[in-house]
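Take a moment with the sequence and the fold. The walk below goes element by element, then turns to the core.

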Amino acid sequence: MVKCEDWLKLLKRYMKSKGFPLNRVSLTHSRKADKRNANDPRGFCHVVLGRPTIHCAEALETLPDEFIVGILLHELAHMVVGEGEDPELDVDEWVLEKCPEAGYHYADIKYASPKFRVAKNLECVTKSFLKKLNTKVV
Ligand SMILES: [Zn+2]
């Protein structure tokens, strides 16, 4: 998962610059995530709190970069925010507050893995944020 790993590296550098060092975090391909993705076109990744691994479906690699980064940022935020009453809401609020330059939002995306499917309301970031990540501006 070369593309995802490259983006994770840049995101970790970004998080560190924000005061959230996540050096130990890595991602791994997961058959369980593949199975979930086969049933749920929105399901790509999961984390186990307290563990430094993001478990990813193969299909993540086929998404446009804005969505790969949005999803990975969301998972990293889970690791930082931890457990709460409503973790999904807490994570979104955390990203919006701490990473405003990411332009984090939800959008629909059509992708081809294994056939064309639509994922509604998927985490993504802006193209200009991708450019910033690549050029060390953030
Ligand atoms: Zn989540």
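What follows covers a helix, a sheet, a hairpin and a core. The model is predicted.

Start with helix α1, residues 2-17. Does its length fit its residue count, and what would one expect? At 1.5 Å a residue, its 16 residues should span 22 Å. The end C-alpha atoms are 23 Å apart, which agrees.

Now look at which residues of α1 are buried. They are Cys4, Trp7, Leu8, Leu11, Tyr14 and Met15. Seen down the axis of α1, these buried residues fall within an arc of 120°, so they line one face of the helix. The spacing has a simple background. An α-helix has 3.6 residues a turn, so residues three or four places apart point the same way. On the other side of α1, Val2, Lys9, Lys16 and Ser17 are exposed.

What covers the buried residues of α1? The cover includes two strands, β1 (26-29) and β3 (53-56). It also includes two helices, α3 (65-81) and α5 (127-134). Just after α1 comes Gly19, with a positive phi of about 95°.

Next, the sheet. It is open, has three strands in the order β1-β3-β2, and its pairing is mixed. β1 and β2 stand at the edges, each with a single partner strand, so one side of each is left without a neighbour in the sheet. From one strand to the next, the twist averages 30°.

Take the pairings in turn. β1 and β3 are parallel and share four bridges. Here Leu27 stands opposite Ile54 of β3. Strand β2, residues 45-47, pairs with β3 in the antiparallel sense, over three bridges. Ile54 appears again on this side, as the bridge partner of Val47. His46 stands opposite His55 in β3. β2 and β3 form a hairpin, with five residues between them. In that turn, Gly50 has a positive phi of about 95°.

Another hairpin lies further along the chain. It is made of β4 and β5, with three residues between them. Strand β4 covers residues 105-112, and strand β5 covers residues 116-124. The two run antiparallel and are joined by seven bridges. One facing pair is His105 and Cys124, the latter in β5. Is β4 buried or in the open? Of its eight residues, the number buried is zero, so β4 lies largely in the open.

Finally, the core. In soluble globular proteins, nonpolar side chains tend to be buried together. Here the largest nonpolar core has 36 residues. Which of them touch the most other members? They are Leu11, Cys56, Leu60, Ile68, Leu72 and Leu73. At least two residues of this core come from each of α1, β3, α3, α4 (87-98), β5 and α5. α3 gives the largest share, nine residues.

Ile68 shows how this region connects to α1. Leaving aside its neighbours within four places in sequence, Ile68 is in contact with Lys3, Cys4, Trp7, Leu60 and Leu63. Cys4 and Trp7 are among the buried residues of α1. Leu60 is, like Ile68, one of the core residues that touch the most other members. Leu11, met earlier on the buried face of α1, belongs to that group too.

Notes: Residues are numbered from 1 along each chain as its sequence is written. This is a predicted model: local features need pLDDT of at least 70, side-chain atom pairs count only at pLDDT 80 or more; totals for chains, interfaces and linings use all residues. The expected span of a helix is 1.5 Å times one less than its number of residues. A residue is buried if 20 or more other C-beta atoms lie within 10 Å of its own, exposed if 12 or fewer, and partly exposed in between; C-beta atoms are placed from the backbone. The arc is that of the directions from the helix axis to the C-beta atoms. Two residues are in contact if their C-beta atoms, placed from the backbone, lie within 7 Å. Two strands pair if DSSP finds at least two bridges between them. Axes are lines fitted to C-alpha atoms, for helices over the stretch in contact, and angles run from 0 to 180 degrees between N-to-C directions. A nonpolar core is a set of buried Ala, Val, Leu, Ile, Met, Phe, Trp, Tyr and Cys residues joined through C-beta atoms within 7 Å.
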